[in-house]
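The following exercises ask the reader to work with a protein model. Each task is followed by a solution in steps.

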Amino acid sequence: MPIPPVSDTPMQRARAIPEAAVARLAVYLRVLSGMAEQGIVTLSSEELAAAAGVNSAKLRKDLSYIGSYGTRGVGYEVSVLVDQIERILGLTRSHSVAVVGIGNLGHALANYGGFPSRGFPVAALFDVDPDLVGVPVGGLPVSHIDDIPKVCAEREISIGVIATPPAAAQAVCDRLVAGGVASIVNFAPVVLQVPDHVEVRKVDLAVELQILSFHVARRADSMNVNGSALGNVDGVVIGR
C-alpha cells in the first residue's frame, strides 16, 4: 500500500527542500520526461536512481520532500511524479526569458530549442552593438540594453540571462532588476550585487573546468601512488 503523502502545501514543502535536492529534482524531471516520451508508465526507485546517477536512498529522500513515496512492489508512476516535481519547481506556467549579450554564447542560448519545450521561452534579446540591434536572432529582433527595463516590464520577463563581458554585467543586472526581473542566470565571471528579493545563479564554466582538472590530477596522483606502492618485488622494479 502507498504511504499517504504529508499534508502540507507544495509551497511549504518547496521552502523546506535543500538546494542540493532541488538541483537533483531537476535532473529527475529530465530523466522522467524522457521515460514518459518512451511510453514508460512506472519504474522503481532503483531504476530512476541509476538513470539519474544517484543512489536509491538519496533519491527516495529527495522525493520524500515533495510528498512522493511510491507504491510498494510497483514503484513510482512516471506521469504523477512528473506532475509533482513540476509543481514543486514552479513549472506549471511558462517563465519568459531575456538574454543579454548576443555574442557566441548569447547566440547559442537564443537559438536553443530546448528552452521553450521546457517552459522557458526566450522572449527578449539585448545587446549594445549597433550592428546587432534590430537584427533577428532565433526569430527575435535584438533590442538595445538601454531598453531592458521597458521591454522586460512589457513582456513580463521573469528570468534574465547575462552573457556579457564582466565589465558590463552589473549595469545589465541593475537594468534587469529595474524591469522587474527577480531571477538571474549570470555567465559573467563577476559577483553581482542585487536586492534581497532577487535570486542569482552563477554559471562559471572556467571554474567547472578547474574542478574537473582537480579530479583528473587527484586520480593521476592516486594511480602514481598505487603504482609506487607495488615498489620493488623480489628485486624487480614495478611501475617505474
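The model is predicted. Asn186 belongs to the contact exercise that comes at the start.

**Exercise 1. Determine which residues Asn186 touches, not counting residues up to four places away in sequence, and state whether Asn186 is buried or exposed.**

Step 1. With those sequence neighbours set aside, Asn186 touches Ile162, Leu192, Val200, Arg201, Lys202 and Val203.

Step 2. Asn186 is located in strand 8, which comprises residues 183-186.

Step 3. The term "buried" applies under 20% relative accessible area. Asn186 has a relative accessibility of 1%, so it counts as buried.

Step 4. A polar atom of the Asn186 side chain lies 3.1 Å from the backbone oxygen of Val190.

**Exercise 2. Locate Cys173 and describe its surroundings.**

Step 1. Cys173 is found in helix 9, residues 166-178.

Step 2. The relative accessibility of Cys173 is 0%, and therefore Cys173 counts as buried.

Step 3. Apart from neighbours within four places in sequence, Cys173 is in contact with Ile162, Ile184, Leu192, Gln193 and Val194. Ile162 and Leu192 also appear among the residues that Asn186 touches.

Step 4. Ile148 is 25 residues from Cys173 along the chain, and the C-alpha atoms of the two are separated by 9.7 Å.

**Exercise 3. Check the span of helix 2 (residues 19-37) and identify what its buried residues pack against.**

Step 1. Helix 2 has 19 residues, and at 1.5 Å a residue it should span 27 Å. The calculation multiplies 1.5 Å by one less than the number of residues.

Step 2. The end C-alpha atoms of helix 2 are 28 Å apart, which agrees with the expected span.

Step 3. The buried residues of helix 2 are Ala21, Leu25, Tyr28, Leu29, Val31, Leu32 and Met35.

Step 4. These buried residues pack against strand 1 (42-43), helix 3 (45-52), helix 4 (56-65) and helix 5 (78-88).

Step 5. After helix 2 comes Gly39, with a positive phi near 85 degrees.

**Exercise 4. Classify the one aromatic pair that a search of the whole structure finds.**

Step 1. Two quantities are required: a pair of aromatic rings is described by the distance of the centres and the angle of the planes.

Step 2. The pair consists of Tyr112 and Phe115, with ring centres 4.8 Å apart and planes at 85 degrees.

Step 3. Planes over 60 degrees apart count as edge-to-face. The angle of 85 degrees between Tyr112 and Phe115 therefore makes the pair edge-to-face.

Step 4. Tyr112 counts as partly exposed at 44% relative accessibility, and Phe115 counts as partly exposed at 26%.

**Exercise 5. Place two residues of the "binding site" that UniProt lists.**

Step 1. The unreviewed UniProt entry lists Gly101, Ile102, Gly103, Asn104, Leu105 and Gly106 under this name. Gly103 and Leu105 are examined here.

Step 2. Gly103 lies in the loop between strand 3 (97-100) and helix 6 (104-111). Its relative accessibility is 35%, so Gly103 is partly exposed.

Step 3. Leu105 lies in helix 6 and is partly exposed, with a relative accessible area of 34%.

Step 4. Not counting residues up to four places away in sequence, Leu105 touches Ala163 and Phe187.

**Exercise 6. Describe the backbone and setting of Glu156.**

Step 1. Glu156 is not a glycine, although its phi is positive, at about 55 degrees.

Step 2. Glu156 is situated in the loop between helix 8 (148-154) and strand 7 (159-162).

Step 3. With 64% relative accessibility, Glu156 counts as exposed.

Methods: Residues are numbered from 1 along each chain as its sequence is written. This is a predicted model: local features need pLDDT of at least 70, side-chain atom pairs count only at pLDDT 80 or more; totals for chains, interfaces and linings use all residues. Side-chain values use heavy atoms; hydrogens and water are left out. Rings of Phe, Tyr and Trp (its six-membered ring) pair if their centres lie within 6.5 Å; planes under 30 degrees apart count as stacked, over 60 as edge-to-face and the rest as tilted. Buried means under 20% relative accessible area, exposed over 50%, partly exposed in between (1.4 Å probe, protein chains only). Helices (H or I, at least four residues) and strands (E, at least two) are DSSP runs, numbered from the N terminus. Contact means heavy atoms within 4.5 Å. A polar contact is a pair of N or O atoms within 3.5 Å; within protein, one must be able to donate a hydrogen and the other to accept it, and residues adjacent in sequence count only if both atoms are side-chain atoms. UniProt positions are given in the numbering used here, feature names are shortened, and annotations may be inferred rather than shown by experiment.
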